[in-house]
Amino acid sequence: MKIFQCQACDQPISFESTHCESCQRRLGYVCDIHEMSALEPVGQVWHAYANPARRYRFCANAHYDACNWLVPEDSPNRYCVTCRHNHVVPDLSIAWNLTRWRQIEAAKHRLFYSLLRLDLPLMTRDENPATGLAFDFLVDPSESYQIGPPVLTGHRSGLITLNIAEADDVERERRRMLFGEYYRTLLGHFRHEIGHYFWNVLVRFDQSLWTFRSLFGDERLNYSGALQRHYAQGAPADWEESYVSAYATAHPWEDFAETWAQYLHIVDTLETASTFEMHVRPRLRHGPAEPVVIDFDPYRTTDFSKIVEAWLPLTYAVNSLSRSMGQPALFPFKLTPAVIAKLSFVHERIETVRSMGSSDSDADILKAVITGLRQKVAAPNA
């Protein structure tokens with residue numbers, strides 16, 4: 001993510017900031033220009049320094065200190081473009097639920113920053129009741145002394161379910177160790193599950209499905225059976241040569257979701273590096289004579305090779321720095337040629353949708369994406 005500054009006093013501010021630490025002005029995020037903005041009250045609404053042509057009000061979830069995004073004054077929506085996708089939230093009268101939900105929303109808002117920067121189509125459940133994007137943030141029955149199955153994080157037909165226990169650092173670490181994962185974060189969960197959603201939007205009814213199958217495998221393989229085999233037998237011994245994670249070996253859908261998550265990790269981190277105009281040149285024998293200069297916007301770069309060329313030396317540097325602090329590698333993944341080919345596929349699908357034109361509505365883009373080969377493609381079994 002890029003660096004933000006208060007327009008009134010130039011103080012650096014974070015994406016989650018609500019007040020400037022220097023001038024104490026109220027801050028809010030203006031998503032239509034991807035900018036944090038200093039604000040001045042104008043009656044019941046706000047003047048945004050970053051976009052003075054419009055007036056704004058805060059998302060209704062600002063009442064819970066769970067959102068700092070702005071809604072145009074003339075919008076009929078009470079919620080911002082992120083929060084209007086919420087379908088179920090936990091009982092917020094319980095303090096611990098509220099604390100965890102705020103952490104979840106912070107991660108979800110970072111997810112939507114990336115999705116909006118990539119110009120990806122986003123439809124709510126109101127716009128498409130069958131497959132619109134929605135989120136259920138649920139409490140495990142055992143936590144409230146009730147009887148019922150545990151809440152499993154997952155995706156089904158646009159509905160993403162997240163167990164809010166994932167917002168507890170201790171519980172999340174326990175599950176990371178239990179499942180033998182290198183990496184488990186709230187933002188990582190969101191980036192993975194949204195990958196399932198965009199597989200349906202960008203691949204399922206598109207002619208790129210055949211390329212997908214050549215890279216990831218045949219998604220018509222029975223999903224539940226594949227997961228059972230994965231949990232019983234684990235990943236193949238040589239999985240790192242073709243997959244970005246052990247879990248990606250479970251099924252082509254999971255491979256795509258894991259790859260999608262890595263793509264979002266990469267572009268968002270590279271944007272941060274670009275705002276610092278980082279120069280990376282490892283001092284190696286026979287190393288490159290010139291540094292790699294990360295001074296481009298990865299969200300707007302059509303050439304995926306440029307992203308990879310910047311990412312590889314950057315991760316070598318940050319992993320070395322992390323180990324020097326006694327911490328594990330910050331990016332504990334291996335990008336082999338097979339994995340890079342899969343990441344390139346994700347990049348190509350995003351660029352194809354973007355090339356349809358920014359003037360099209362999300363509904364028009366989605367309609368265009370799923371037409372054409374829809375009658376020719378058999379729906380997956382699971």
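**Notes on the two sheets**

1. A good place to start is the pair formed by strand 9 (residues 134-138) and strand 11 (residues 159-163), which run parallel and are joined by five bridges. Within this pairing, D136 sits opposite T161 of strand 11. Please keep in mind that this is a predicted model.

2. Helix 1 (residues 95-117) packs on this sheet, where it touches strand 8, strand 9 and strand 11. The direction of helix 1 makes about 155° with that of strand 9.

3. Now the sheet as a whole: four strands form it, it is open, the order is 8-9-11-10, and the pairing is mixed. Strand 8 (86-88) and strand 10 (154-156) each have a single partner strand, so these edge strands have one side without a neighbour in the sheet. From one strand to the next, the twist averages 25°.

4. There is also an open sheet of five strands, ordered 3-4-5-6-7, with antiparallel pairing. Its edges are strand 3 (27-30) and strand 7 (70-72); each has a single partner strand, so one side of each lacks a neighbour in the sheet. Ignoring direction, neighbouring strands here are turned by 55° against each other on average.

5. Inside that five-strand sheet, have a look at strand 5 (residues 45-48) and strand 6 (residues 55-58), an antiparallel pair joined by two bridges. Here W46 stands opposite Y56 in strand 6.

6. Finally, E35 deserves a glance; it belongs to strand 4 (residues 35-42). Its side chain makes a polar contact with the side chain of K2, at 3.4 Å. Leaving aside residues up to four places away in sequence, E35 touches K2, F4, Q7, G28, Y29, V30 and A50.

Note on methods:
Residues numbered from 1 in each chain as written. Predicted model: local features only at pLDDT ≥ 70, side-chain atom pairs only at ≥ 80, totals over all residues. Heavy atoms only, no water. Pairing = 2+ DSSP bridges. Axes fitted to C-alpha atoms, helices over the stretch in contact; angles between N-to-C directions. Polar contact = N/O pair within 3.5 Å; in protein donor to acceptor, adjacent residues only side chain to side chain. Contact = heavy atoms within 4.5 Å.
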